[in-house]
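Me: Please take a close look at one part of this structure for me, starting with pairs of charged side chains. Then follow the thread outward as far as you find useful.

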Amino acid sequence: MAQVSLKGIEKVYGNGFKAVHGVDLDIHDGEFMVFVGPSGCAKSTLLRMVAGLESISGGELRIGGTVVNNLAPKQRGIAMVFQNYALYPHMKVYDNLAFGLKLAGTPKAEVDARVRDAARLLEMDHLLERYPKQLSGGQAQRVAVGRAIVKKPGVFLFDEPLSNLDAKLRANMRVRLTELHRTLREQGRASTAVYVTHDQVEAMTMGERICVLKDGTIQQVDVPTALYSRP
Ligand code: ADP
Ligand code: ADP
């Protein structure tokens, strides 16, 4: 069964502009799927519809088998990582990671276990007592990913998460995120990822499958080697 299933998905914005034209796609359990394409091809519109941040104009969206068209983001079992890390500046890293869980009434011991687990996975145990302004860009991005991990979502959604980093850090984070995904999967944990980027290198190196979008339709879906060896 597909973990995320899009059937005839359409988006018409309030001004009448049709941004997405009947997209069909099955994303498998544990798969790392990348949406790639130029600015305006509707990558972020699609991701935001999966996240529940944008209404769906037509078609059926399922996550884990459940139709989620009309479910709020919190009810979808997803966690999203944004380009601007959106950390709380007045909270230490530990509390940035713990905040959402505490708000949801998670018991303190469970919160602590999840925060320490995420910190270990992202190699940032030594950063837990720092404030966001004491972090480098790459460290702040790791905290943002950590905030998604502690939620134990069924699906991770990434919206151009590396775009604000310099080239060297971006290369480093590509490797880290790929390794993180594999580690979670090897541990039998939920690891399905949908990753949006306009960067072809990112798509090529990170995607297990790549969905190439153009003007709100799918041009191709395939593994990287097959996509880029075509004439
Ligand atoms: P990107 O940098 O990803 O290409 P865009 O420039 O396409 O982003 O759009 C940035 C944001 O501006 C969109 O997420 C949307 O909310 C808004 N926007 C873009 N195009 C329009 C439009 N034609 N009408 C109204 N809002 C728009
Ligand atoms: P991408 O993420 O690939 O850059 P978007 O999903 O942001 O593309 O936008 C896809 C298309 O929808 C673009 O043509 C954009 O101008 C348009 N669009 C985005 N947001 C809005 C909006 N709020 N209202 C109208 N058109 C929009």
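Reply: Asp117 and Arg189 make a good starting point, as their side chains meet in a salt bridge with 2.8 Å from N to O; the term covers a side-chain nitrogen of Lys or Arg within 4 Å of a carboxyl oxygen of Asp or Glu. Asp117 belongs to helix α3, while Arg189 sits in the loop between α5 (167-186) and β8 (192-197), so this bridge ties together parts that are 72 residues apart in sequence. Helices here are DSSP runs of H or I with at least four residues, and strands are E runs of at least two, both numbered from the N terminus. With a relative accessible area of 26%, Arg189 is partly exposed; buried means under 20%, exposed over 50%, and partly exposed lies in between, using a 1.4 Å probe and protein chains only.

Keep in mind that this is a predicted model, where local features need pLDDT of at least 70, side-chain atom pairs count only at pLDDT 80 or more, and totals for chains, interfaces and linings use all residues. Residues are numbered from 1 along each chain as written, chains are lettered from A and ligands numbered from 1 in the order written, and side-chain values use heavy atoms, without hydrogens or water. The protein averages a pLDDT of 94, and 98% of its residues score at least 70, on a scale from 0 to 100 for the predictor's confidence in each residue. The model scores are ipTM 0.77 and pTM 0.88.

Helix α3 (residues 108-121) holds another bridge inside itself: Arg114 and Glu110 are 4 residues apart there, which separates them by about one helical turn. Their side chains come to 2.7 Å, N to O. Arg114 counts as buried at 18% relative accessibility, whereas Glu110, at 31%, is partly exposed.

A third pair joins Glu31 to Arg209, with 2.5 Å from N to O. This salt bridge links distant parts of the chain, 178 residues apart: Glu31 is in the loop between β2 (18-28) and β3 (32-36), and Arg209 is in strand β9 (residues 209-214). Both ends are out of the way of solvent by the cut-offs above, since Glu31 has 8% relative accessibility and counts as buried, and Arg209 is buried with 18%. You will also find Lys11, Arg48 and Glu54 linked in a network of salt bridges. Counted by this rule, the model has 11 salt bridges.

Now to the ligands. Ligand 2 is surrounded by a shell of residues, among them Tyr13, Asn15, Phe17, Pro38, Ser39, Gly40, Lys43 and Thr45; a residue belongs to such a shell if one of its heavy atoms lies within 4 Å. Helix α1 (residues 43-51) gives the largest share of this shell, 3 residues. For close N and O pairs (the limit is 3.5 Å), look at three places. A backbone N or O atom of Ser44 is 2.9 Å from an oxygen atom of ligand 2, a polar backbone atom of Ala42 is 3.0 Å from an oxygen of this ligand, and the side chain of Tyr13 has an N or O atom 3.4 Å from a ligand nitrogen. On its own, ligand 2 has 560 Å² of accessible area, and the protein covers 62% of that; such areas come from the Shrake-Rupley method with a 1.4 Å probe.

Ala42 deserves a second glance. This residue lies in the loop between β3 and α1 and is buried, with a relative accessible area of 8%. Its phi is near 95°, a positive value in a residue other than glycine. Ala86, in the loop between β6 (78-81) and α2 (93-103), also has a positive phi, near 55°. With a relative accessible area of 46%, Ala86 is partly exposed.

Ligand 1 has Asn15, Ser39 and Gly40 around it. A polar side-chain atom of Ser39 is 2.3 Å from an oxygen of ligand 1. The protein covers 19% of the 550 Å² of accessible area that ligand 1 has on its own.

Conventions: Polar contact = N/O pair within 3.5 Å; in protein donor to acceptor, adjacent residues only side chain to side chain.
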